[in-house]
Amino acid sequence: MAASKIVLVLGAGGNVGASIATLFAKQNYRVALAARSLQDSTNSSGHLNIRADLGDEKSVNAAFDKTIAHFGPPNVVVYNAAVAHFVPAEDPLSLSVAHFNEDIAINTAGVLVAARRAVQGFQQLPQSTPKTFIYTGNILNQEVIPALMSNGIGKSASAHIIAVASKVYAAENYRFYYADERKGDGAPAYRDVSGDNHAQHYLELAETEEQRPWLQTFVGGQGYSKF
């Protein structure tokens, strides 16, 4: 790995985001964390905290600008934000357009902005520096859960962004992944989502030299598992 290792986590909550920050810092990464719940500051661990609304294009861009100003361009970007408006399972089309647009802004439009900014930053880094973008997904790009229709639309659309980017930017060795934690039998993790499992798998992806399958279904303790 290059001497300069920087990870930006967009949507840095207390589970996956916190685990990524802890593990990556142990591997000598400088860590920037962006979330609506944070205030702009540098915390006691030396991490850069950034207040950001990931449904707002200007706010996503500002998170990158602040990270670059403080550390430099991140060579690892994790998009960990998600939102869902539940609808009655028997009437999923009752989802309002306002809620649909709100969810798409965070679940997909923000991903597009972040991936574009990540690539712009990757272009400024030495060729030898591994460059990785990871989107925290779930099973909804493959399975229908009517009550979570808006989240499923966002995950499916973002999965397509990742698939396209992994193909187009392969020549530049920019890696793009849609990560989906599963149980050993392939069932979704649901409420058993593990921050530690995500952090360990994301670190492995970040430090692997070549693009792996863009759809990274993985199991804690086992790593990538194709279902």
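Trainee: Which loop holds N28?

Mentor: N28 is found in the loop between helix 1 and strand 2 (30–35). Bear in mind that this is a predicted model.

Trainee: Is N28 buried or exposed?

Mentor: Relative accessibility decides. Over 50% is called exposed. N28 has 61%, so it counts as exposed.

Trainee: What should I read from the phi of N28?

Mentor: Start with the general idea. Most residues other than glycine have a negative phi. N28 is not a glycine, yet its phi is positive, about 70°. Y190 is another such case: a phi of about 50°, and again not a glycine. Y190 is in the loop between strand 7 (174–182) and helix 5 (195–206).

Trainee: Which residues lie nearest the centre of the largest pocket?

Mentor: Y190 is one of them, along with A82, N138, K155 and V193. The lining has 29 residues in total. Helix 1, helix 4 (149–168) and strand 7 each give two or more residues to that lining. The volume of the pocket is about 800 Å³.

Trainee: How do the lining residues divide by character?

Mentor: There are 15 nonpolar, 11 polar and three charged residues.

Trainee: Now helices. How far does helix 4 reach from its first C-alpha to its last?

Mentor: Compare the span with the expected rise of 1.5 Å a residue. Helix 4 has 20 residues and reaches 29 Å, close to the 28 Å expected. Helix 5 passes the check too: its 12 residues should span 16 Å, and its end C-alpha atoms are 16 Å apart, which agrees.

Trainee: Which residues of helix 4 are buried?

Mentor: First the geometry. An α-helix has 3.6 residues a turn, so residues three or four places apart point the same way. Now the case. Among the buried residues of helix 4 are N151, K155, S158, A159, I162 and A163. The buried residues of helix 4 pack against helix 3 (97–122), strand 6 (131–136) and strand 7.

Trainee: Is H160 of helix 4 buried or exposed?

Mentor: Exposed, because its relative accessible area is 55%. Its C-alpha is separated from that of V193 by 23 Å, with the two positions 33 residues apart along the chain counted as their offset.

Trainee: And helix 5: what caps its N-terminal end?

Mentor: S194 does. One of its side-chain oxygens lies 3.3 Å from the backbone nitrogen of D196. Buried residues in helix 5 include G195, H198, A199, Y202 and L205. The buried residues of this helix pack against helix 1 (16–26) and strands 5, 6, 7, 8 and 9.

Trainee: Take T132 in strand 6. Which side chain does T132 join through a polar contact?

Mentor: That of R175, at 2.9 Å. T132 is at 0% relative accessibility, so it counts as buried. Look at contacts beyond four places in sequence. T132 touches N75, V76, V77, F122, R175, Y177, L205 and A206. Two of these partners, L205 and A206, are buried residues of helix 5.

Trainee: One more. Why does H47 count as buried?

Mentor: Under 20% is the cut-off for buried. H47 has 10% relative accessibility, so it qualifies. H47 is in the loop between strand 3 (41–42) and strand 4 (48–51). Beyond four places in sequence, its contacts are A21, A25, V31, L33, S41 and T42.

Key: Residues numbered from 1 in each chain as written. Predicted model: local features only at pLDDT ≥ 70, side-chain atom pairs only at ≥ 80, totals over all residues. Heavy atoms only, no water. Helix = DSSP H or I, 4+ residues; strand = E, 2+ residues; numbered from the N terminus. Expected span 1.5 Å × (residues − 1). Buried < 20%, exposed > 50% of the residue type's maximum accessible area, 1.4 Å probe, protein only. Contact = heavy atoms within 4.5 Å. Polar contact = N/O pair within 3.5 Å; in protein donor to acceptor, adjacent residues only side chain to side chain. 1 Å grid on protein atoms, 1.4 Å probe; cavity = no way out; pocket = protein on both sides within 12 Å on 5 of 7 lines; lining within 4 Å. Points joined across faces, edges and corners; volume = space filled by probe spheres on them. Nonpolar A, V, L, I, M, F, W, Y, C, P; charged D, E, K, R; others polar.
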